[in-house]
Amino acid sequence: MGARKGTRVDKYGVSLLTGLVRRLPHRLAVAFGGLLGRLLWALSWRKVDRCEVRCVAALGVGVTVARSIVRRSFENLGRSAAEFVRLDRMMPGLRETMAIEGSEHLDRALARGRGALLMAAHIGNWELAGARMVLEGYPVVPLYTPQRNRGGINDLIQRQRTVVAGMRMIPSEGAGLREAFRTLKRGGIVGFLQDLDARAEGVPVPFLGLPASAADGIVKLHVKFGAPVVPILYFRRPDGLRHTIVIQEILSDRPDPDGRPFGTDMAKSLRMCHNVLEDWVRTYPDQWLWLVDRWESTLR
C-alpha cells in the first residue's frame with residue numbers, strides 16, 4: 001500500500017498552528033504549547049482514560065494522582081511540540097537552554113573505537129536533546145519507525161530533524177539496520193528509544209512490574225560489535241523552559257545479576273535496561289509519554 005497524503009485539514013491546521021507558534025516570543029510560544037497539550041488532554045478523554053489506567057497499574061498511584069500525572073504529560077508534549085517547530089530559532093542559544101552533564105561517559109565509550117549505543121526514552125523533549133547532542137559534536141544517528149502517513153506533521157518532523165537539527169535518521173528495519181552496522185563500524189553513535197512495545201518480535205521482560213515486550217536490538221548490536229550501551233536521560237527543568245541532559249555511566253560495563261558480562265543473557269540484559277528506564281519514569285512521571293502504550297501487545 002502506497003503512502004497516503006495528509007488531508008487538506010491536516011496540512012492547513014499544521015501550517016496555522018506552526019505559523020502562530022513561530023511568531024510568538026519563545027516563553028509565550030512554549031506556554032501556548034502547554035495550553036494546546038492541555039486542550040488535547042481535555043478532548044481525548046478515551047485515550048486519557050487508558051493512560052490513567054496504565055499509570056495507576058504501573059506506578060501504584062491513585063486515580064487522582066494518575067490524572068494529574070497524565071495531564072501534565074500532555075502539557076509537556078505540547079510544550080515540546082512548540083519547541084520543536086521553533087527549533088531553527090532555538091539552535092543559536094540551545095547550549096544555554098539545554099545543559100549536558102556526564103559527557104565524559106560517552107567520550108570514554110567512544111574512545112574504545114567501537115561506536116556507542118545511546119539508550120533513551122520518550123521523556124522530557126527527546127527531539128530537542130537529539131539536536132543538542134549533534135550541536136555538541138556527537139554524531140548521533142537515531143533509529144526511527146517510518147510512518148505510513150506522509151504530509152502535514154510528518155513532513156514537518158522529518159524536516160526539523162534532518163535539515164534543522166542535522167541528524168541523519170535511519171529506519172529501524174530493512175536497509176536502515178545495515179546503515180546502523182556501518183555507523184558503528186565507523187565509530188559513530190546509534191540512538192535507541194528503548195521504551196517502546198516490541199510486540200511479537202520482542203523479548204518478554206516486565207516493565208514497571210507489568211508484562212511487557214522489549215526490543216532486543218540494542219543488546220544484539222552490543223554483542224555483535226562490542227559497542228558500549230550508554231543511557232542518556234533528558235528532562236525539563238522546573239521553570240518549564242530549560243532542559244538538562246544527563247549521560248550516565250556505561251551500562252554494559254556492569255555484570256548482570258548472575259555476575260556474567262552484559263549481553264550474555266538477553267532477558268537479564270534487557271532487565272538491566274528496564275531498571276534504568278523505570279528509574280527515569282518514576283523520577284519524572286509527568287514528563288514520560290503515557291500516550292504511547294508501552295504494554296499494548298501484552299496487556300490486552
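1. Let's start with Trp295, as placed in this predicted model. Leaving aside residues up to four places away in sequence, Trp295 touches Arg54, Ala58, Asp197, Phe207, Leu208, Leu210, Pro211, Ala212, Trp288 and Trp290. Keep Arg54, Ala58 and Leu208 in mind, as each of these contacts of Trp295 comes up again below.

2. Now look at the nonpolar core around this residue. The largest one has 76 residues, and the members that touch the most other members are Leu106, Leu117, Met133, Trp290 and Trp295. The element that gives the most to this core is helix 12 (residues 266–283), with 7 residues. Another core, of 6 residues, lies apart from it; Val21, Ala82, Val85 and Leu156 are among its members.

3. Arg54 and Ala58, both touched by Trp295, bring us to helix 3. This helix covers residues 45–59, 15 residues in total. From first C-alpha to last it reaches 20 Å, close to the 21 Å expected at 1.5 Å a residue.

4. Which residues of helix 3 are buried? They are Val48, Cys51, Glu52, Arg54, Cys55 and Ala58. Try looking down the axis of helix 3 in your viewer: the buried residues fall within an arc of 165°, so they line one face of the helix. That buried set packs against helix 2 (26–43) and helix 4 (63–85). On the other side of helix 3 you will find Trp45, Arg46 and Val53, which are exposed.

5. Just past the end of helix 3 comes Gly60, with a positive phi of about 70°. It helps to know that most residues other than glycine have a negative phi. With that in mind, two further residues deserve a look.

6. One of them is Leu208, another contact of Trp295. Leu208 is not a glycine, yet its phi is positive, at about 55°. You can find Leu208 in the loop between strand 8 and strand 9 (213–214). Is Leu208 buried or exposed? Its relative accessible area is 3%, so Leu208 counts as buried, the cut-off being under 20%.

7. The other is Arg199, which also has a positive phi of about 55° without being a glycine. Arg199 sits in the loop between strand 7 (189–193) and strand 8 (203–204). With a relative accessible area of 46%, Arg199 is partly exposed, whereas Leu208 is buried. When you go through the model yourself, try finding these two loop residues one after the other: Arg199 before strand 8, then Leu208 after strand 8.

Technical notes: Residues are numbered from 1 along each chain as its sequence is written. This is a predicted model: local features need pLDDT of at least 70, side-chain atom pairs count only at pLDDT 80 or more; totals for chains, interfaces and linings use all residues. Side-chain values use heavy atoms; hydrogens and water are left out. Helices (H or I, at least four residues) and strands (E, at least two) are DSSP runs, numbered from the N terminus. The expected span of a helix is 1.5 Å times one less than its number of residues. Buried means under 20% relative accessible area, exposed over 50%, partly exposed in between (1.4 Å probe, protein chains only). The arc is that of the directions from the helix axis to the C-beta atoms. Contact means heavy atoms within 4.5 Å. A nonpolar core is a set of buried Ala, Val, Leu, Ile, Met, Phe, Trp, Tyr and Cys residues joined through side-chain atoms within 4.5 Å.
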